[in-house]
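Colleague: Please show me the model, and let us then discuss how its chains meet.

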Protein chains: 2
Amino acid sequence: MTFELHPRLAADSLHLGDLPLCQLRLMNDQRFYWLLLIPRLADAIEVTDLNEQQYVQMWQEVRQLAEVIKPLTSADKLNVATLGNMVPQLHLHLIARFKSDAAWPGPIWGVGSAEHYTDADISQLKSALQQACDHLPIHWV
Amino acid sequence: MTFELHPRLAADSLHLGDLPLCQLRLMNDQRFYWLLLIPRLADAIEVTDLNEQQYVQMWQEVRQLAEVIKPLTSADKLNVATLGNMVPQLHLHLIARFKSDAAWPGPIWGVGSAEHYTDADISQLKSALQQACDHLPIHWV
């Protein structure tokens, strides 16, 4: 079995690049600074489906990105979560939250409707993220 | 500075025991099987406030408990999250979710009002958890 991205994740988010284990994606919703990390593994649903090495690596990738986006975005708080009640494929949410955002202080899932980025906005966000991550082993696409 | 539990967490949950790094608590809401892990560290807010060793240890403790409660509860899905938009003190949610629960498939935060356990229910839940965790270094209180 090989990794295949769940069609719902493919539809809702944009592929930014690849870390050693996870595919890095941006939720296509400009109301939030909302990244997804998806381990490129077949059939992973629960975090406990990863072996020890993959598990440590996944959280390491979360940490590396968290350390970048907190100062990059000046977020008030980071939210880190894996729920998977709707899309079973294991995926992690890493979200920079702001006291001024559309869901604060509640969680963001299921709040209103996504507002898509423009191409120019995506370009700009990606370029800033790429620059801030230049010390990380990310293959940008 | 020493660790002091945030009063809101103290009020909403019950102290079950202590892992090497985290205090283990049960949200006092019988609608959900909802555990909290709180690193016993002063001033930790973001996951990135932990040093490398603490960070790995925290996720290790999550994994150990996740491996226990999934089969113990026959949960349909585990939810793992740290939000902290309301209570800044770093705390992790580990929740056994069921297709039949009061919030499925949405997240559980902010859904309705907590329904407290009876003393007998807590006793029973704790005893079953304790037995299932007998291979783990948990100091039960």
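The exchange below concerns the interface between the chains.

Modeller: This is a predicted model, in which local features need pLDDT of at least 70 and side-chain atom pairs count only at pLDDT 80 or more, while totals for chains, interfaces and linings use all residues. Residues are numbered from 1 along each chain as its sequence is written, chains are lettered from A in the order in which they are written, and side-chain values use heavy atoms, without hydrogens and water.

Colleague: What rotation superposes chain A on chain B?

Modeller: Superposition is by least squares on the C-alpha atoms of residues with pLDDT of at least 70 in both copies. The shift along the axis is 0.0 Å and the RMSD 0.0 Å, with a rotation of 180°. The copies are thus related as by a two-fold rotation axis.

Colleague: Which C-alpha of chain A is nearest the axis?

Modeller: The distance from the axis is 2.0 Å. The C-alpha belongs to A:Ala81.

Colleague: How many residues does each chain give to the contact?

Modeller: Contact means heavy atoms within 4.5 Å. Of the interface residues of chain A, 100% are also interface residues in chain B, so the copies meet through the same surface. Chain A gives 32 residues, and chain B gives 32 residues.

Colleague: How many salt bridges are there between chain A and chain B?

Modeller: A salt bridge requires a side-chain nitrogen of Lys or Arg within 4 Å of a carboxyl oxygen of Asp or Glu. One such pair is A:Arg63 with B:Glu52, at 3.6 Å from N to O. The count between the two chains is six.
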